[in-house]
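Please open the model in your viewer and keep the sequence panel beside it, since each stop on this tour begins with a selection.

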Amino acid sequence: MLDNKYHRLLKRQLQKADSNLLENPKFADFINAVNKAYNSFEKDYKHAENILEASSKELITANLKLRNERDVSKTKLESLIDNVGGIIFETDAYGNFTFLNSSWVEYSGFSLENSLGKSFKTFLNGIDIEGSQKLYELFSNQNESIQFIFKKEIERKSMWFELKCKCIKDSDGLPLGFTGIIVDITDLKTIEIELQKASKAKDEFFSTMSHEIRTPLNAVTGLADILLMEDHLPDQVVNLKALKYSGEHLLGLIDDLLDFDKINSGEILVNEKVFSLTHFLENIKSHFVLRTQQKGIAFNIMHENEIPCNVIGDKLKLAQVIKNLLSNALKFTSKGSITLKIKSIANHNGELKLRFKVIDTGIGIAKESQGNIFESFMQANSETSIKYGGTGLGLSITKKLLNLQGSDLKLKSKEGKGSTFSFTIVYKTTDDNSILEPEITKTQIDYSPLNINILVAEDNKMNVLILQRFLEKWKVNYKIAPNGKEAIKLLQQSESDFDLILMDLQMPELNGYETTKIIRNLPDHHKSNLPIIALTAFAQTDIKAKTKLYKMNGFMSKPFNPIKLYSLLDSYSKQTCNVRVV
């Protein structure tokens, strides 16, 4: 019988072998070595088995933990996706939906089962895309990302959505599809629409108020001009000039408010053209020299060094800036002088850098007030506003006009010692010397009789009265039509040829735009091509573009400036030329 000291596996092998094997002494050591090896293996096996069992338990525990965490994360993610305020979607490379969250059902009305695997075109076709973009062109594999706003009718209610998505590509850069979101922005769009309506209402209010205020101002300043042109008593001159100044001052306040509104709404753009800097400064001098003389103040324009004659820039904005600064200086200076200095401080690579200074010997500005005088509706102090008047917009508008052109307004001042306002501005240089020298504005003009026949379409009786007085002074032949229909009737029935039509834009029955449209379509070639100048007291920024659209030859603002009105009529008179666009 085999000894129990042997390992069970060894005993099994010995039982199958020759039984005399154990009795042979020469195999004893070998059998004992094998037995020892089996016993050692048994221990190692049990140890490994214990380790594997422990490891298996740890893996099972870790696996369970990971599964739980996965399930929790999945639940949270699904909850987040389903409760996010919009649609989350994925498509394949062909535009078929591969994923949609539950918000899709709410907004589209289609179930997830009936939507997944189908093309987005099926559901988004026919939507109103903002900007007139085409849906099929937007969802192109050539587009890395897509963003647009669209409107859709849902349960008879207009709703606005914003779609954002990105093209997903594989490791080789080939498109796999799109992933993105669709968000309900109806509330934001509603607010935007309301703001646009409010802005439009504000613009209409400004235009209407401008028209309503300018109309009686036309009578005030016009009658003052006429009375100054006629014979009057010497002691009436001061009163008439005060009347004229008050009307022009009120008009200036209105213009300041309108300019301020246009700048804030971003409607003013820089318009660069070639202009003569020399002639510009001469016009500035002629404009202010009489006003300063009347106040007993010296006015000088000083060139600190040589400057080019012609430059490329926005002449109108420069004029407004300089006139605002000089008017401001004139307002606050009762004695001494006002000086406009100009200096070239750099001229290279086709660019000219100019520095302008307006220096006065007026009341000056206290140091503690200098920080806020460029703010809207702000003046140095309340006493300044009471004593000198004004809206407090002039410097604010000037600063913003300069900012539009990459410049800024600087101030140096000492209370009681005057002020210096300065700015630098860059213009382009030019070799164009073909600019005609403009006629310098005259303080007095010789109103010679004009050989011209005009048709005036104007419904306001005061405006008609002012125009009649001017036209009679200048010996102008004219006819008055109280509205557009009467103007067309007079034009068609008139045996004599008109040289010009002055067309008020706001008239009953038929406004100036529609009247012009009908005139331009008359079969009589001469009458259909008569020059038409719009008359307007409105402050709309699109007047110039709109009059051009309706094929008008220009426009003139009310109240009428007699010098400008005379010059306009003179340019169309028979002794000057037949037709010239203003």
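The tour goes from the whole chain to a nonpolar core, then to a pair of cysteines, an open sheet and a single lysine.

**The whole chain**

Begin with everything selected, bearing in mind that this is a predicted model. The chain has 17 helices and 18 strands, and of its 582 residues 37% count as buried. If you display the surface, you are looking at about 34200 Å² of exposed area, of which carbon and sulfur atoms supply 52%. Among contacts between residues at least 6 apart in sequence, 62% join residues at least 24 apart.

**The largest nonpolar core**

Next select Phe280, Leu318, Ile322, Phe356 and Phe423, which touch the most other members of the largest nonpolar core, a set of 38 residues. To see where the core draws its residues from, add helix H8 (277-294), strand E8 (298-303), helix H9 (315-331), strand E10 (337-348), strand E11 (351-360), helix H11 (394-404) and strand E13 (419-429), the elements that each give two or more residues to it. H9 provides the largest share of this core, with eight residues. Centre the view on Ile322 and show its surroundings: leaving aside residues up to four places away in sequence, Ile322 touches Phe280, Ile284, Leu340, Phe356 and Phe423.

**Strands E7, E9 and E13**

Keep E13 displayed and add strand E7 (residues 273-276) and strand E9 (residues 310-313), which pair with each other in the antiparallel sense over four bridges. E9 also pairs with E13, again in the antiparallel sense, over two bridges. Ile312 is a useful residue to pick here, since in E9 it is the bridge partner of Val274, while in E13 the bridge partner of Ile312 is Lys428.

**Two cysteines without a bond**

Now select Cys165 and Cys167. How many disulfides does a search of the whole structure find? The search finds zero, and Cys165 is accordingly in no disulfide, the nearest cysteine sulfur being that of Cys167, 8.6 Å away. Seen from the other side, the closest cysteine sulfur to that of Cys167 is in Cys165, and the 8.6 Å between them is too far for a bond. Are these two cysteines buried or exposed? Cys165 counts as buried because its relative accessible area is 5%, and Cys167 counts as buried because its relative accessibility is 6%; the cut-off for buried is under 20%.

**An open sheet of five strands**

Move on to the open sheet whose five strands run in the order E15-E14-E16-E17-E18 with parallel pairing. Its edge strands are E15 (477-481) and E18 (554-557), each of which pairs on one side only. Averaged over the sheet and with direction ignored, neighbouring strands are turned by 20° against each other. Strand E14 (residues 453-457) pairs with E15 in the parallel sense over five bridges, and Ala457 stands opposite Ala481 in E15. Then add helix H13 (residues 484-493), which packs on the sheet and touches E14, E15 and strand E16 (500-504), its direction making about 140° with that of E15. Helix H17 (residues 562-572) also packs on the sheet, touching E14, E16, strand E17 (532-536) and E18, and its direction makes about 140° with that of E16.

**Last stop: Lys517**

Finally, select Lys517, which lies in helix H14 (residues 512-520). Lys517 counts as partly exposed because its relative accessibility is 46%. Add Ser528, 11 residues apart from Lys517 along the chain, and draw a distance between the two C-alpha atoms, which are separated by 9.4 Å.

Key: Residues are numbered from 1 along each chain as its sequence is written. This is a predicted model: local features need pLDDT of at least 70, side-chain atom pairs count only at pLDDT 80 or more; totals for chains, interfaces and linings use all residues. Side-chain values use heavy atoms; hydrogens and water are left out. Buried means under 20% relative accessible area, exposed over 50%, partly exposed in between (1.4 Å probe, protein chains only). Two strands pair if DSSP finds at least two bridges between them. Axes are lines fitted to C-alpha atoms, for helices over the stretch in contact, and angles run from 0 to 180 degrees between N-to-C directions. Contact means heavy atoms within 4.5 Å. Accessible areas come from the Shrake-Rupley method with a 1.4 Å probe; for residues, only the protein chains shown count as cover. A disulfide is a pair of cysteine sulfur atoms within 2.5 Å. A nonpolar core is a set of buried Ala, Val, Leu, Ile, Met, Phe, Trp, Tyr and Cys residues joined through side-chain atoms within 4.5 Å.
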